[in-house]
Protein chains: 2
Amino acid sequence: MEKEIPEISLQRLPVYLNYLRSLPESEGTYISSGAIASALGMGEVLVRKDLAYTKATGKPKVGYVREELVAALEEFLCCNNKKNAVIIGIGGLGRALLGYGGFKNYGIDVVAAFDKDEEKIGTFVADKPVLDINGLEGGLKEHAAQLAIICVPASAAQSVADMLSKVGVKAILNFAPVQLSVPKGVIVRNIDVAGSLSVLAAMIK
Amino acid sequence: MEKEIPEISLQRLPVYLNYLRSLPESEGTYISSGAIASALGMGEVLVRKDLAYTKATGKPKVGYVREELVAALEEFLCCNNKKNAVIIGIGGLGRALLGYGGFKNYGIDVVAAFDKDEEKIGTFVADKPVLDINGLEGGLKEHAAQLAIICVPASAAQSVADMLSKVGVKAILNFAPVQLSVPKGVIVRNIDVAGSLSVLAAMIK
(Lines give C-alpha, C1' and ligand atoms only; values in the text may rest on other atoms or scores of the structure.)
Protein backbone atom coordinates (compact mmCIF):
# COMPACT_ATOMS: atom_id res chain seq x y z
CA MET A 1 0.00 0.00 0.00
CA GLU A 2 1.20 3.50 -0.71
CA LYS A 3 0.08 5.26 2.43
CA GLU A 4 -0.05 3.49 5.77
CA ILE A 5 -3.67 2.89 6.75
CA PRO A 6 -4.63 4.02 10.27
CA GLU A 7 -5.83 1.09 12.37
CA ILE A 8 -9.19 2.73 12.93
CA SER A 9 -9.78 2.73 9.16
CA LEU A 10 -8.46 -0.80 8.80
CA GLN A 11 -10.94 -1.98 11.41
CA ARG A 12 -13.81 -0.66 9.33
CA LEU A 13 -12.80 -2.52 6.16
CA PRO A 14 -14.41 -5.81 7.25
CA VAL A 15 -17.59 -3.85 7.98
CA TYR A 16 -17.72 -2.55 4.41
CA LEU A 17 -16.88 -5.97 3.06
CA ASN A 18 -19.59 -7.69 5.11
CA TYR A 19 -22.10 -5.13 3.93
CA LEU A 20 -21.16 -5.39 0.25
CA ARG A 21 -21.22 -9.17 0.39
CA SER A 22 -24.67 -9.12 1.96
CA LEU A 23 -26.22 -7.11 -0.90
CA PRO A 24 -28.39 -9.10 -3.28
CA GLU A 25 -27.12 -9.46 -6.86
CA SER A 26 -30.11 -7.47 -8.03
CA GLU A 27 -28.75 -4.32 -6.39
CA GLY A 28 -26.93 -3.35 -9.59
CA THR A 29 -23.38 -2.95 -10.80
CA TYR A 30 -22.46 0.28 -9.05
CA ILE A 31 -22.56 1.44 -5.47
CA SER A 32 -21.80 4.93 -4.24
CA SER A 33 -19.93 5.89 -1.10
CA GLY A 34 -23.10 7.76 -0.11
CA ALA A 35 -25.19 4.59 -0.29
CA ILE A 36 -22.65 2.68 1.78
CA ALA A 37 -22.41 5.49 4.32
CA SER A 38 -26.15 5.73 4.67
CA ALA A 39 -26.60 1.95 5.05
CA LEU A 40 -23.92 1.77 7.74
CA GLY A 41 -24.82 5.01 9.53
CA MET A 42 -21.44 6.58 8.81
CA GLY A 43 -20.28 9.80 7.19
CA GLU A 44 -19.76 9.71 3.44
CA VAL A 45 -16.37 11.44 3.58
CA LEU A 46 -15.15 8.89 6.11
CA VAL A 47 -16.26 6.00 3.92
CA ARG A 48 -14.54 7.49 0.88
CA LYS A 49 -11.33 8.09 2.82
CA ASP A 50 -11.29 4.54 4.19
CA LEU A 51 -11.91 2.99 0.79
CA ALA A 52 -9.20 5.16 -0.77
CA TYR A 53 -6.61 3.06 1.07
CA THR A 54 -7.59 0.10 -1.09
CA LYS A 55 -7.09 -0.16 -4.85
CA ALA A 56 -10.74 0.63 -5.50
CA THR A 57 -11.45 3.79 -7.45
CA GLY A 58 -14.89 5.32 -7.50
CA LYS A 59 -16.23 7.25 -10.45
CA PRO A 60 -17.98 10.59 -10.00
CA LYS A 61 -21.80 10.29 -9.97
CA VAL A 62 -21.92 6.48 -10.20
CA GLY A 63 -19.54 5.35 -7.50
CA TYR A 64 -17.63 2.08 -7.32
CA VAL A 65 -18.11 -1.02 -9.42
CA ARG A 66 -19.34 -3.28 -6.66
CA GLU A 67 -17.39 -6.35 -7.70
CA GLU A 68 -14.20 -4.32 -7.98
CA LEU A 69 -14.72 -2.81 -4.55
CA VAL A 70 -15.28 -6.23 -3.00
CA ALA A 71 -12.15 -7.51 -4.73
CA ALA A 72 -10.12 -4.50 -3.55
CA LEU A 73 -11.26 -4.98 0.05
CA GLU A 74 -10.58 -8.69 -0.11
CA GLU A 75 -7.12 -8.04 -1.46
CA PHE A 76 -6.40 -5.50 1.24
CA LEU A 77 -7.57 -7.84 3.97
CA CYS A 78 -5.61 -10.69 2.37
CA CYS A 79 -8.76 -12.77 2.02
CA ASN A 80 -7.19 -14.48 -0.95
CA ASN A 81 -3.99 -15.45 0.84
CA LYS A 82 -4.61 -18.50 2.95
CA LYS A 83 -3.53 -17.91 6.53
CA ASN A 84 -3.54 -20.42 9.34
CA ALA A 85 -4.57 -19.71 12.91
CA VAL A 86 -4.57 -21.76 16.07
CA ILE A 87 -6.60 -21.57 19.23
CA ILE A 88 -5.05 -21.80 22.66
CA GLY A 89 -7.39 -23.19 25.29
CA ILE A 90 -10.19 -25.50 24.32
CA GLY A 91 -12.92 -24.58 26.79
CA GLY A 92 -16.36 -23.54 25.61
CA LEU A 93 -15.23 -20.51 23.62
CA GLY A 94 -12.20 -22.23 22.07
CA ARG A 95 -14.42 -25.11 21.06
CA ALA A 96 -16.96 -22.74 19.47
CA LEU A 97 -14.30 -20.84 17.52
CA LEU A 98 -12.65 -24.04 16.32
CA GLY A 99 -15.95 -24.95 14.73
CA TYR A 100 -16.85 -21.47 13.48
CA GLY A 101 -17.23 -21.24 9.73
CA GLY A 102 -16.88 -17.46 9.41
CA PHE A 103 -13.07 -17.36 9.31
CA LYS A 104 -12.96 -18.77 5.80
CA ASN A 105 -14.64 -15.59 4.50
CA TYR A 106 -11.30 -13.93 5.20
CA GLY A 107 -9.10 -16.75 3.93
CA ILE A 108 -8.30 -17.82 7.48
CA ASP A 109 -8.14 -21.47 8.38
CA VAL A 110 -8.25 -22.36 12.06
CA VAL A 111 -6.21 -25.51 11.86
CA ALA A 112 -5.64 -26.75 15.39
CA ALA A 113 -5.96 -26.02 19.08
CA PHE A 114 -3.53 -26.34 21.96
CA ASP A 115 -4.35 -27.15 25.55
CA LYS A 116 -2.58 -28.41 28.65
CA ASP A 117 -5.36 -30.75 29.74
CA GLU A 118 -4.29 -34.34 29.06
CA GLU A 119 -7.90 -35.41 28.70
CA LYS A 120 -8.32 -33.03 25.76
CA ILE A 121 -4.93 -33.51 24.08
CA GLY A 122 -5.19 -35.98 21.24
CA THR A 123 -8.91 -35.43 20.70
CA PHE A 124 -10.50 -33.72 17.71
CA VAL A 125 -12.99 -30.85 17.76
CA ALA A 126 -14.74 -30.07 14.48
CA ASP A 127 -12.22 -32.40 12.84
CA LYS A 128 -9.30 -30.28 14.09
CA PRO A 129 -6.68 -31.76 16.41
CA VAL A 130 -6.20 -30.63 20.00
CA LEU A 131 -2.44 -30.63 20.58
CA ASP A 132 -0.24 -30.47 23.65
CA ILE A 133 0.67 -26.88 24.57
CA ASN A 134 4.13 -28.14 25.45
CA GLY A 135 4.65 -28.91 21.78
CA LEU A 136 3.57 -25.42 20.73
CA GLU A 137 6.64 -24.52 18.68
CA GLY A 138 6.64 -27.71 16.62
CA GLY A 139 2.87 -27.67 16.24
CA LEU A 140 2.81 -24.10 14.94
CA LYS A 141 5.53 -24.89 12.41
CA GLU A 142 3.85 -28.07 11.28
CA HIS A 143 0.58 -26.20 10.73
CA ALA A 144 2.26 -23.07 9.35
CA ALA A 145 0.22 -20.92 11.73
CA GLN A 146 0.95 -17.21 12.07
CA LEU A 147 -2.11 -16.15 14.06
CA ALA A 148 -3.23 -17.27 17.51
CA ILE A 149 -6.45 -16.83 19.44
CA ILE A 150 -6.15 -16.94 23.22
CA CYS A 151 -9.17 -18.55 24.87
CA VAL A 152 -7.65 -19.52 28.21
CA PRO A 153 -8.75 -18.10 31.58
CA ALA A 154 -7.38 -14.68 32.54
CA SER A 155 -4.96 -16.19 35.03
CA ALA A 156 -3.19 -18.23 32.32
CA ALA A 157 -3.28 -15.70 29.48
CA GLN A 158 0.02 -13.92 30.14
CA SER A 159 2.04 -17.13 30.25
CA VAL A 160 0.38 -18.25 27.01
CA ALA A 161 1.22 -14.89 25.42
CA ASP A 162 4.82 -15.32 26.56
CA MET A 163 4.99 -18.76 24.94
CA LEU A 164 3.43 -17.51 21.70
CA SER A 165 5.80 -14.54 21.49
CA LYS A 166 8.78 -16.77 22.18
CA VAL A 167 8.01 -19.09 19.29
CA GLY A 168 7.51 -16.23 16.85
CA VAL A 169 3.75 -15.62 16.66
CA LYS A 170 3.28 -12.02 15.53
CA ALA A 171 -0.47 -11.51 15.98
CA ILE A 172 -2.69 -12.53 18.87
CA LEU A 173 -6.43 -12.14 19.31
CA ASN A 174 -7.01 -12.29 23.06
CA PHE A 175 -10.36 -13.17 24.62
CA ALA A 176 -9.04 -13.27 28.20
CA PRO A 177 -10.07 -10.12 30.10
CA VAL A 178 -6.54 -9.14 30.94
CA GLN A 179 -3.98 -6.75 29.48
CA LEU A 180 -1.16 -8.78 27.96
CA SER A 181 2.40 -7.59 27.89
CA VAL A 182 4.25 -8.72 24.76
CA PRO A 183 7.57 -7.92 23.11
CA LYS A 184 7.81 -5.22 20.47
CA GLY A 185 6.75 -6.54 17.08
CA VAL A 186 3.94 -8.70 18.46
CA ILE A 187 0.44 -7.29 17.98
CA VAL A 188 -2.31 -8.08 20.47
CA ARG A 189 -5.93 -7.09 20.11
CA ASN A 190 -8.49 -7.85 22.78
CA ILE A 191 -12.09 -8.94 22.60
CA ASP A 192 -13.64 -8.60 26.04
CA VAL A 193 -17.16 -9.93 25.60
CA ALA A 194 -18.32 -9.26 29.15
CA GLY A 195 -16.71 -5.81 29.18
CA SER A 196 -18.44 -4.93 25.91
CA LEU A 197 -21.78 -6.01 27.30
CA SER A 198 -21.20 -3.91 30.43
CA VAL A 199 -20.49 -0.89 28.23
CA LEU A 200 -23.84 -1.44 26.52
CA ALA A 201 -25.52 -1.76 29.90
CA ALA A 202 -23.94 1.52 31.02
CA MET A 203 -25.18 3.22 27.83
CA ILE A 204 -28.82 2.36 28.49
CA LYS A 205 -28.81 2.91 32.22
CA MET B 1 -23.12 11.47 35.61
CA GLU B 2 -22.47 15.14 35.20
CA LYS B 3 -20.82 15.22 31.82
CA GLU B 4 -21.75 12.71 29.13
CA ILE B 5 -18.90 10.25 28.67
CA PRO B 6 -17.78 9.71 25.05
CA GLU B 7 -18.25 6.10 24.00
CA ILE B 8 -14.57 5.72 23.26
CA SER B 9 -13.77 6.56 26.89
CA LEU B 10 -16.56 4.33 28.16
CA GLN B 11 -15.11 1.41 26.21
CA ARG B 12 -11.82 1.80 28.03
CA LEU B 13 -13.33 1.64 31.52
CA PRO B 14 -13.54 -2.19 31.56
CA VAL B 15 -9.87 -2.24 30.53
CA TYR B 16 -8.89 -0.17 33.58
CA LEU B 17 -11.13 -2.24 35.79
CA ASN B 18 -9.68 -5.55 34.55
CA TYR B 19 -6.20 -4.23 35.11
CA LEU B 20 -6.87 -2.96 38.63
CA ARG B 21 -8.61 -6.17 39.59
CA SER B 22 -5.65 -8.19 38.34
CA LEU B 23 -3.15 -6.42 40.60
CA PRO B 24 -1.99 -8.37 43.64
CA GLU B 25 -3.01 -7.06 47.05
CA SER B 26 0.63 -6.44 47.81
CA GLU B 27 0.78 -3.66 45.22
CA GLY B 28 -0.12 -1.09 47.83
CA THR B 29 -2.98 1.26 48.60
CA TYR B 30 -2.41 3.89 45.94
CA ILE B 31 -2.05 3.77 42.19
CA SER B 32 -1.17 6.69 39.95
CA SER B 33 -2.59 7.46 36.54
CA GLY B 34 0.99 7.26 35.28
CA ALA B 35 1.38 3.68 36.53
CA ILE B 36 -1.91 2.67 34.93
CA ALA B 37 -1.00 4.38 31.67
CA SER B 38 2.39 2.73 31.54
CA ALA B 39 1.01 -0.74 32.31
CA LEU B 40 -1.65 -0.42 29.60
CA GLY B 41 0.51 1.34 27.03
CA MET B 42 -1.69 4.44 26.99
CA GLY B 43 -1.08 8.12 27.51
CA GLU B 44 -1.32 9.41 31.07
CA VAL B 45 -3.50 12.40 30.17
CA LEU B 46 -5.95 10.09 28.41
CA VAL B 47 -6.16 7.79 31.43
CA ARG B 48 -6.76 10.73 33.76
CA LYS B 49 -9.43 12.16 31.50
CA ASP B 50 -11.22 8.81 31.23
CA LEU B 51 -11.16 8.23 34.97
CA ALA B 52 -12.43 11.75 35.62
CA TYR B 53 -15.83 10.66 34.28
CA THR B 54 -16.19 8.38 37.27
CA LYS B 55 -16.48 9.46 40.88
CA ALA B 56 -12.84 8.62 41.55
CA THR B 57 -10.59 11.49 42.55
CA GLY B 58 -6.85 11.18 42.43
CA LYS B 59 -4.55 13.02 44.77
CA PRO B 60 -1.47 14.87 43.48
CA LYS B 61 1.74 12.85 43.84
CA VAL B 62 0.11 9.65 45.19
CA GLY B 63 -2.72 9.02 42.76
CA TYR B 64 -5.94 7.14 43.42
CA VAL B 65 -6.81 4.93 46.33
CA ARG B 66 -6.99 1.67 44.44
CA GLU B 67 -10.06 0.33 46.18
CA GLU B 68 -11.91 3.60 45.63
CA LEU B 69 -10.99 3.62 41.96
CA VAL B 70 -12.21 0.05 41.52
CA ALA B 71 -15.44 0.95 43.31
CA ALA B 72 -15.90 4.06 41.15
CA LEU B 73 -15.40 2.09 37.94
CA GLU B 74 -17.72 -0.65 39.13
CA GLU B 75 -20.36 1.90 39.97
CA PHE B 76 -20.01 3.58 36.58
CA LEU B 77 -20.26 0.27 34.76
CA CYS B 78 -23.21 -0.72 36.96
CA CYS B 79 -21.37 -3.83 38.15
CA ASN B 80 -23.32 -3.64 41.36
CA ASN B 81 -26.72 -3.49 39.70
CA LYS B 82 -27.77 -6.93 38.63
CA LYS B 83 -28.69 -6.98 34.96
CA ASN B 84 -30.05 -9.92 33.02
CA ALA B 85 -29.08 -10.84 29.49
CA VAL B 86 -30.28 -13.47 27.07
CA ILE B 87 -28.61 -15.19 24.15
CA ILE B 88 -30.36 -15.65 20.84
CA GLY B 89 -29.14 -18.67 18.90
CA ILE B 90 -27.68 -21.63 20.71
CA GLY B 91 -25.01 -22.85 18.28
CA GLY B 92 -21.41 -23.24 19.37
CA LEU B 93 -20.86 -19.60 20.30
CA GLY B 94 -24.20 -19.17 22.06
CA ARG B 95 -23.53 -22.31 24.03
CA ALA B 96 -20.07 -21.06 25.04
CA LEU B 97 -21.38 -17.67 26.15
CA LEU B 98 -24.24 -19.22 28.10
CA GLY B 99 -21.64 -21.07 30.15
CA TYR B 100 -19.13 -18.20 30.37
CA GLY B 101 -18.40 -17.09 33.91
CA GLY B 102 -16.92 -13.67 33.08
CA PHE B 103 -20.23 -11.79 32.87
CA LYS B 104 -20.74 -11.89 36.62
CA ASN B 105 -17.68 -9.64 37.04
CA TYR B 106 -19.90 -6.90 35.65
CA GLY B 107 -23.04 -7.86 37.51
CA ILE B 108 -24.51 -9.42 34.40
CA ASP B 109 -26.42 -12.66 34.58
CA VAL B 110 -27.01 -14.52 31.34
CA VAL B 111 -30.27 -16.14 32.31
CA ALA B 112 -31.60 -17.95 29.25
CA ALA B 113 -31.25 -18.56 25.55
CA PHE B 114 -33.76 -18.53 22.72
CA ASP B 115 -33.68 -20.66 19.59
CA LYS B 116 -36.06 -21.78 16.87
CA ASP B 117 -34.76 -25.34 16.73
CA GLU B 118 -37.32 -27.66 18.33
CA GLU B 119 -34.62 -30.12 19.28
CA LYS B 120 -32.93 -27.48 21.40
CA ILE B 121 -36.02 -25.80 22.89
CA GLY B 122 -36.73 -27.15 26.35
CA THR B 123 -33.16 -28.28 26.97
CA PHE B 124 -30.73 -26.72 29.45
CA VAL B 125 -27.22 -25.48 28.75
CA ALA B 126 -25.05 -24.68 31.77
CA ASP B 127 -28.25 -24.96 33.83
CA LYS B 128 -29.93 -22.20 31.79
CA PRO B 129 -33.10 -22.91 29.82
CA VAL B 130 -33.26 -22.80 26.02
CA LEU B 131 -36.61 -21.21 25.21
CA ASP B 132 -38.71 -20.95 22.06
CA ILE B 133 -37.89 -17.81 20.08
CA ASN B 134 -41.61 -17.50 19.35
CA GLY B 135 -42.15 -16.83 23.03
CA LEU B 136 -39.50 -14.10 23.09
CA GLU B 137 -41.63 -11.33 24.56
CA GLY B 138 -42.97 -13.38 27.46
CA GLY B 139 -39.59 -15.00 28.07
CA LEU B 140 -37.80 -11.67 28.29
CA LYS B 141 -40.38 -10.34 30.72
CA GLU B 142 -40.28 -13.43 32.85
CA HIS B 143 -36.49 -13.24 33.07
CA ALA B 144 -36.41 -9.43 33.36
CA ALA B 145 -33.78 -9.28 30.61
CA GLN B 146 -32.73 -5.94 29.15
CA LEU B 147 -29.69 -7.06 27.17
CA ALA B 148 -29.49 -9.50 24.28
CA ILE B 149 -26.58 -11.21 22.56
CA ILE B 150 -27.18 -12.27 18.96
CA CYS B 151 -25.38 -15.50 18.09
CA VAL B 152 -27.43 -16.59 15.07
CA PRO B 153 -26.04 -16.88 11.52
CA ALA B 154 -25.72 -13.66 9.52
CA SER B 155 -28.75 -14.53 7.40
CA ALA B 156 -31.04 -14.62 10.44
CA ALA B 157 -29.59 -11.73 12.43
CA GLN B 158 -31.71 -8.89 11.03
CA SER B 159 -34.99 -10.66 11.71
CA VAL B 160 -33.82 -11.43 15.25
CA ALA B 161 -32.87 -7.76 15.73
CA ASP B 162 -36.34 -6.78 14.50
CA MET B 163 -37.96 -9.10 17.02
CA LEU B 164 -35.77 -7.83 19.86
CA SER B 165 -36.46 -4.19 19.03
CA LYS B 166 -40.18 -4.86 18.79
CA VAL B 167 -40.36 -6.32 22.28
CA GLY B 168 -38.40 -3.45 23.80
CA VAL B 169 -34.80 -4.63 24.09
CA LYS B 170 -32.63 -1.51 24.14
CA ALA B 171 -29.12 -2.97 23.85
CA ILE B 172 -27.85 -5.70 21.56
CA LEU B 173 -24.41 -7.24 21.31
CA ASN B 174 -24.23 -8.74 17.83
CA PHE B 175 -21.81 -11.49 16.84
CA ALA B 176 -23.29 -12.01 13.37
CA PRO B 177 -21.05 -10.42 10.71
CA VAL B 178 -23.78 -8.18 9.36
CA GLN B 179 -24.79 -4.58 9.85
CA LEU B 180 -28.13 -4.51 11.69
CA SER B 181 -30.70 -1.85 11.14
CA VAL B 182 -32.62 -1.00 14.32
CA PRO B 183 -35.08 1.70 15.41
CA LYS B 184 -33.81 4.82 17.12
CA GLY B 185 -33.25 4.22 20.81
CA VAL B 186 -31.88 0.71 20.34
CA ILE B 187 -28.10 0.39 20.64
CA VAL B 188 -26.23 -2.28 18.72
CA ARG B 189 -22.54 -3.03 19.03
CA ASN B 190 -20.85 -5.64 16.90
CA ILE B 191 -18.17 -8.17 17.65
CA ASP B 192 -16.90 -9.62 14.40
CA VAL B 193 -14.39 -12.25 15.47
CA ALA B 194 -13.32 -13.27 11.98
CA GLY B 195 -13.13 -9.66 10.82
CA SER B 196 -10.96 -8.77 13.82
CA LEU B 197 -8.61 -11.63 13.04
CA SER B 198 -8.38 -10.53 9.41
CA VAL B 199 -7.42 -7.03 10.56
CA LEU B 200 -4.61 -8.56 12.60
CA ALA B 201 -3.54 -10.59 9.59
CA ALA B 202 -3.47 -7.45 7.45
CA MET B 203 -1.36 -5.69 10.08
CA ILE B 204 1.41 -8.28 9.98
CA LYS B 205 1.36 -8.93 6.23
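## Surface and overall build of chain A

Chain A exposes about 9,900 Å², of which carbon and sulfur atoms supply 51%. The model described here is predicted. Along the principal axes, the C-alpha atoms of chain A fill a box of roughly 60 × 45 × 35 Å. The chain contains 8 helices and 9 strands, and 51% of its 205 residues count as buried.

Contacts in chain A between residues at least 6 apart in sequence join residues at least 24 apart in 56% of cases. As for charge, chain A carries 22 positive and 22 negative charges, whose mean positions are 6 Å apart.

## Relation between the two copies

A turn of 180 degrees, with a shift of 0.0 Å along the axis, lays chain A on chain B with an RMSD of 0.0 Å. The two copies are therefore related as by a two-fold rotation axis. The same surface serves both copies, since 100% of the contact residues of chain A recur in chain B.

## Helix α1

Helix α1 of chain A spans residues 7-22 and has 16 residues. From its first C-alpha to its last it reaches 24 Å, close to the 22 Å expected at 1.5 Å a residue. Its buried residues include A:Leu10, A:Leu13, A:Leu17 and A:Leu20, and among them are also A:Arg12, A:Pro14 and A:Asn18.

The cover over the buried residues of α1(A) comes from both chains. Chain A contributes elements including β1 (30-31), α2 (33-40), α3 (44-52) and α4 (66-76), while α8 (193-204) belongs to chain B.

In chain B, helix α1 (residues 7-22) holds B:Ser9. This residue has a relative accessibility of 5%, which is under the 20% cut-off for burial, and B:Ser9 therefore counts as buried. Leaving aside residues up to four places away in sequence, B:Ser9 touches B:Asp50 and B:Tyr53.

## Two loop residues with positive phi

Most residues other than glycine have a negative phi. Two residues of chain B, neither of them a glycine, have a positive phi: B:Lys61 at about 75 degrees and B:Cys78 at about 60 degrees.

B:Lys61 is found in the loop between α3 (44-52) and β2 (64-65) of chain B. With a relative accessible area of 88%, B:Lys61 is exposed. B:Cys78 lies in the loop between α4 (66-76) and β3 (83-88) of chain B, and at 4% relative accessibility B:Cys78 counts as buried.

Conventions. Residues are numbered from 1 along each chain as its sequence is written. Chains are lettered from A and ligands numbered from 1 in the order in which they are written. This is a predicted model: local features need pLDDT of at least 70, side-chain atom pairs count only at pLDDT 80 or more; totals for chains, interfaces and linings use all residues. Side-chain values use heavy atoms; hydrogens and water are left out. Helices (H or I, at least four residues) and strands (E, at least two) are DSSP runs, numbered from the N terminus. The expected span of a helix is 1.5 Å times one less than its number of residues. Buried means under 20% relative accessible area, exposed over 50%, partly exposed in between (1.4 Å probe, protein chains only). Contact means heavy atoms within 4.5 Å. Accessible areas come from the Shrake-Rupley method with a 1.4 Å probe; for residues, only the protein chains shown count as cover. Lys and Arg count as positive and Asp and Glu as negative; His and the chain ends are not counted. The place of a charge is taken as NZ of Lys, CZ of Arg, CG of Asp or CD of Glu. Copies are superposed by least squares on the C-alpha atoms of residues with pLDDT of at least 70 in both.
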